[in-house]
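Please open the model in your viewer and keep the sequence at hand, since this tour moves from one selection to the next and says what is to be found at each stop.

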Amino acid sequence: MSQASFYPHPAVRTAIAVVVGAFVLLPLAATVEFTLRDGDTGHSFVHWAAIFDPTKAAAYKPIWVGLTNSLTLMLVTVAVVLFLLAPTMILVNLRFPKLRRTFEFVALLPVSLPAIVLVVGLTPIYLVIGRTVGTGAWTLAFAYGITVLPFAYRSIQASIDAVNLVTLAEAARSLGAGWLTVVRRVLAPNLRGGLMAASLIAVAVVLGEFTIASLLNRQNLQTALVLVNRQDSYVSVIFSLMALLFCFVLLLLIGRTGSIGARGKDR
Amino acid sequence: MTTFSQRMPLVAESVGGDSPRPRARRLPAAHLGLVPFAGYVAIFLVLPTVLAVITGLFDKAGHLTIDNFTALGDPVILETFWNSTWLSALTAAVGAVAGAAVCYALLGIPAQHPIRSTVDALAGVLAQFGGVMLAFVFIAAMGRSSVLVHWLSGLGIDLYASSNWLYELPGLILPYVYFQLPLMVITFAPALEAIKPQWAEANLTLGGNRWTFWRRIALPVLAPSFAASFLLLFANSFSAYATAAALASQGSQIVPLQIRAALTSETVLGRENLAGALAFGMIAVMALVMTCYALIQRRAERWRA
Amino acid sequence: MTAVLTRSATSVALDGVVKDFGKTRVLHELSLEIRAGEFVSLLGPSGCGKTTALRLIAGLEDPTAGAIRMNGEDVTHLPTNRRDIGMVFQSYSLFPHLNALDNTRFGLDMRKVAKEQAKAMALESLELVGLGGLAERYPHELSGGQQQRVALARALVTSPKVLLLDEPLSALDARVRVQLREEIGRIQKELGITTIFVTHDQEEALAISDRVAVMHAGRIEQIGTPEELYLTPATPEVAAFVGMSSMVPAIVHSGTATIWGQLVPVVGGSPDGEYRAFVRPENVHIAGPGQAGAAATIETSVFLGSFRRTEARLESGEVVSLQHPADLRLERGASVRLVIEPMPVVVTSARG
């Protein structure tokens, strides 16, 4: 190793990994142990098997309803990201570069806006929506699009910055492509990495959202977990662990697509 | 920003280069393209923010009043703001130090290494994990019926002898650190990776040693990024609601829970529309924190370039 | 002439230095003597070991075997911070949180020089590199060329024994590169400081060095003055890397080569046989009327101001460049005969 190296000593690396690893993993391990309990001392998969037990189906029904609602919300929120946010970002970057800073400010605004504050302002709006559009859970996706906005914006803008959108569009236009073709056949494929990451983040955020749904009295996975937890804490913990695992795999995927994007840039 | 200003003339050229007739027809169309998103943001971001701030200015009958805002000076409300502040500051500080240590431990491990991608993904998940599910995990892991309590009682230690702390304010500390630490890893890692090996080498050739490198170069360069990350963590704790909602069974010790109480029971401290005033208080704190964040971040990025 | 920045110059010697990175040997028993006050360049393509050699002299890497001496004193295992050297890196080496003045005085602070004196010396050093007026600027407020000037001032302010320059110009624009390289030459002459300069740009090395060491695959192929390297390259690698040349068939017999039916002296002793010779463009001419020579066809001819460079294809297929006055215009496809000036040439048996 070079004399000038300021990298940590292997012993320091290991010490940090052990301490932080224990803090992060021990609660999860203890939680897994909790779900495997059978009676006072034994362990088995009885609580995991109970999820599909028809005699308990009625008690667990809110979870399946909440999960279905959450899946619908994911779809609509991803649609908001892909068909409302992304085209507007492309338009701003291509035709209104002077608006870029304003747009960035607006897109990052929700970071400093706590969900609970948003709820205070959304309550009267959703009263109107409830009267006109209906009280379907899917309507929450409009609010979720706002909470997802900063993350989605960052992912998409990163890939826009990586591919010199303006030149790409001008090249396609000079070859005779119309604007729709430019967006569909030239820009979207080049922004695939960012769009993919934005969608996956949207999915992860929607899956874990509780504040807005709970206070606007809509049912999603999280509100259902709280409801069921009052009678049966095992099943809510099991679903929490599975959601955690699902999101972990999702983010590994984002990392993977991110590295594909990076390799593409080298070429 | 340089790329931004460099690109501008390019665009201006391309617009000006079009033949005048199609341009005259297309330009309003391009403006129209902004309308759907602008409308969406107006209804679901701007309007709720404005409503959240101004509902505090009206009483239930719709008359203008500052009564709700005077409630912000009420000792009970002041205490919840104080609770929120110290809880956020404490968990942000612990999360920032521990997260920075993790970033340091990761230095020198190449980006493609499996350890790196696993830590990145794990940090990403856990930073988003602050919510109901996190509360369940901590109840299962260290609640009254957890293995931990079982083992400790075997050793003669009763974790819940003095109070039911996990379900009160102190119980929020560990779960909050649990999502603060990974958020720090995500936000601080780029700053630490931007430390150039040449700086360490230049320090040595100029007669410095390891200590002078950290004391006079690395730490001063990292300080703005660290401060900015700390503020982001503070804001993150300050606005967190779901974990507390699922964990804290009675009382409203922090501001978001106080807002819930105001929203659901309508009369807290005998006041109507108090939620709006509380929301305004939160926005004020968040605006202060995020302004400091932006100022520090600008400085940090200037050095990094 | 600045008083604080001068000191008696130091000689540097590498003696059989070997460096392995894992199983790869990047330096093979490198030996090199640099006289006090001399400006020596290490020149070679990337991966030839030139930067590693410089980092060994700086003490940033430890040699696997061999010794490094300064003024005859063994410094092989002396830590970098006690070697008393000044070093300028390729880029990014200025501390971003310190302004030009504080960057420059960093080495003096490390040496516990009194505050006021350190400031005066740092300002003087910045004057020396022509940045006296920009002392308060931060690195991000300086151009690339200005940043490297500050790095130079910072390296010089402690009056180091040796100045080490690791491709300091490679990240700069062509014009700034030439300007700064001339300035480095001027300052080096003014201070008389022993300087080792690493570069892959042969023009740069030839322009400012007293001597140039051409490196290839972890070895020094040849060390000599710029003229020696250009006129009498010792090996095919040097001939190929230093200056421009074309390769043409040659037959060697008792120390003399026959090229295009003409006799040309050969550098070094090569056994009799068939070879390929390196010929410089300025040594190739168009044959006059009635003169013998090799038949060739003009492919391209490029106007370069005071002269023209023309490429001609021989009947045997090789392309030869030649240089001639700009008023001689040669059309593409024209048939000419080429002759060679009897200057010493280097030959190689390698096909290439």
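**Across the two chains, then within one**

In this predicted model, begin by selecting helix α1 (residues 10-35) of chain A together with helix α6 (residues 132-142) of chain B, which pack with their axes 8 Å apart and at an angle of about 75 degrees. Angles of 65 to 115 degrees count as roughly perpendicular, and α1(A) and α6(B) are therefore roughly perpendicular to each other. Now show the side chains at this crossing, where A:Pro27, A:Leu28, A:Ala30, A:Thr31 and A:Phe34 of α1(A) meet B:Val137, B:Phe138, B:Ala140 and B:Ala141 of α6(B). Sorted by class, the contact of α1(A) with α6(B) has eight nonpolar residues, one polar residue and no charged ones.

Next, widen the selection to the whole contact between the chains, to which chain A gives 64 residues and chain B gives 72. On the side of chain B that touches chain A, helix α2 (residues 20-54) of chain B gives the most, with 15 residues. Colouring that side of chain B by class should show 56 nonpolar, 12 polar and four charged residues.

Finally, hide chain B and select helix α6 (residues 140-162) and helix α9 (residues 192-208) of chain A, whose axes lie 8 Å apart at an angle of about 160 degrees. That angle makes α6(A) roughly antiparallel to α9(A), and the crossing of the two is right-handed. Among the residues that make this contact are A:Tyr144, A:Phe151 and A:Ile156 of α6(A), along with A:Gly193, A:Leu195 and A:Val205 of α9(A). By class, the contact of α6(A) with α9(A) has 14 nonpolar and five polar residues, and no charged ones.

Definitions and conventions
Residues numbered from 1 in each chain as written. Chains lettered and ligands numbered in written order. Predicted model: local features only at pLDDT ≥ 70, side-chain atom pairs only at ≥ 80, totals over all residues. Contact = placed C-beta atoms within 7 Å. Helix = DSSP H or I, 4+ residues; strand = E, 2+ residues; numbered from the N terminus. Nonpolar A, V, L, I, M, F, W, Y, C, P; charged D, E, K, R; others polar. Axes fitted to C-alpha atoms, helices over the stretch in contact; angles between N-to-C directions. Parallel < 35°, antiparallel > 145°, perpendicular 65-115°, else oblique. Left-handed = near helix turned anticlockwise from the far one by under 90°.
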